[in-house]
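Colleague: Please take a close look at one part of this model for me: the enclosed space inside it. Go on to the surface and the charge pairing afterwards.

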Amino acid sequence: MDSGRFETFIDAIIAIMLTVMVLKIPQPETMTLTGIWDLRVMYFAYIISFIVLFSIWDHHRKLFNILEDINNTVIWMYSILIFLITLVPYFTAWVAHEPFALVPELMFGLIFFLVNIIYVLCTKVAIKNDVNNEEVNGVSFRELLLINISLFIVGAVIGILGYPIALLIMCLLTVITWNAIPHIQKTYVIGE
């Protein structure tokens with residue numbers, strides 16, 4: 001099955017999610033540096049969410065540039081990922097309004113943990129489906145999954161121990177592992 005329409009659909013969903021998130025950030029009460037500083041946690045949550053969604057789009061774009069064939073299993077797996085990413089604006093707003101509360105922080109961390117896991121599963125299913133494509137052979141996610149699971153567990157434990165904002169910081173570290181550590185990129189980035 002040709003993936004062009006499917007790629008366009010995912011591109012549109014991610015663009016809408018990015019737009020919805022920014023619309024949930026209120027204007028500062030006063031247009032001063034102090035007013036902006038008062039919303040710093042909101043901006044921090046938005047930046048993390050933006051980078052995660054943009055990273056999904058970027059890696060999705062790279063993958064679908066080299067995939068030659070997709071099927072309904074790939075489409076349905078990606079529908080689960082799309083469902084989860086449509087929840088990102090909600091959890092971003094929740095944690096931004098209650099940055100030091102445990103439940104919003106845990107839910108924020110959990111949604112990003114699930115997005116990471118489902119993204120990896122979607123990619124594996126897409127690669128497995130395209131059996132005759134040698135460009136995608138040997139792609140590994142083991143190190144990335146181990147790091148992301150470890151970061152989530154560490155953030156959750158620190159959050160439960162009384163520092164809920166640790167989960168927001170661990171989400172940021174997860175984003176860094178997806179995008180900035182060259183060794184990890186060599187094992188999972190598909191094409192440039």
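Modeller: What follows starts with the cavities, then turns to a surface patch and a salt bridge. Keep in mind that this is a predicted model.

Start with the interior. Searching the whole structure gives 5 cavities of 30 Å³ or more. The largest cavity holds about 90 Å³ of space. Its lining has 11 residues, and V52, S55, I56, N116 and W178 are the closest to the centre. Three helices give two or more residues each to this lining: α3 (40-66), α5 (102-129) and α7 (165-179). What is the chemical character of the wall of the largest cavity? It splits into 6 nonpolar and 5 polar residues, with no charged ones.

Now the second largest cavity. About 70 Å³ of space lies there. On its lining, look for G109, F112, F113 and N116, among others. N148, L151 and F152 also belong to the lining of the second largest cavity. So do L167, M170, C171 and T174. At least two lining residues come from each of α5, α6 (142-160) and α7. By class, the count for this second lining is 7 nonpolar and 4 polar, again with no charged residue.

Put the two cavities side by side. N116 is among the residues closest to the centre of the largest cavity, and N116 also lines the second largest. Helices α5 and α7 each give two or more residues to the largest cavity, and each supplies at least two to the second largest. Helix α3 is on the list for the largest cavity, while α6 is on the list for the second largest.

Next, the outside. I149, I153, V157 and L161 make a nonpolar surface patch of about 370 Å². One of these, I153, lies in helix α6, the helix that also supplies residues to the second largest cavity. Is I153 buried, partly exposed or exposed? Its relative accessibility is 48%, so I153 counts as partly exposed.

Last, the charges. The whole structure has 1 salt bridge. D58 pairs with R61, and their closest N and O atoms are 2.5 Å apart. Why are the two about one helical turn apart? Because D58 and R61 are 3 residues apart in helix α3. That helix also contributes to the lining of the largest cavity. The partners differ in cover. D58 has a relative accessible area of 14%, so D58 is buried. R61 has 30%, so R61 is partly exposed.

How values were computed. Residues are numbered from 1 along each chain as its sequence is written. This is a predicted model: local features need pLDDT of at least 70, side-chain atom pairs count only at pLDDT 80 or more; totals for chains, interfaces and linings use all residues. Side-chain values use heavy atoms; hydrogens and water are left out. On a 1 Å grid over the protein atoms alone, a cavity is a set of points where a 1.4 Å probe fits but cannot get out, and a pocket is an open set with protein on both sides within 12 Å along at least five of seven lines; lining residues have an atom within 4 Å of a point. Grid points are joined across faces, edges and corners, and a volume is the space filled by probe spheres set on the points. Helices (H or I, at least four residues) and strands (E, at least two) are DSSP runs, numbered from the N terminus. Ala, Val, Leu, Ile, Met, Phe, Trp, Tyr, Cys and Pro count as nonpolar, Asp, Glu, Lys and Arg as charged, and the others, Gly among them, as polar. Patches are made of residues with over 30% relative accessible area and no salt bridge: like charges are joined within 9 Å, nonpolar side chains (Val, Leu, Ile, Met, Phe, Trp, Tyr) within 5 Å. Accessible areas come from the Shrake-Rupley method with a 1.4 Å probe; for residues, only the protein chains shown count as cover. A salt bridge is a side-chain nitrogen of Lys or Arg within 4 Å of a carboxyl oxygen of Asp or Glu. Buried means under 20% relative accessible area, exposed over 50%, partly exposed in between (1.4 Å probe, protein chains only).
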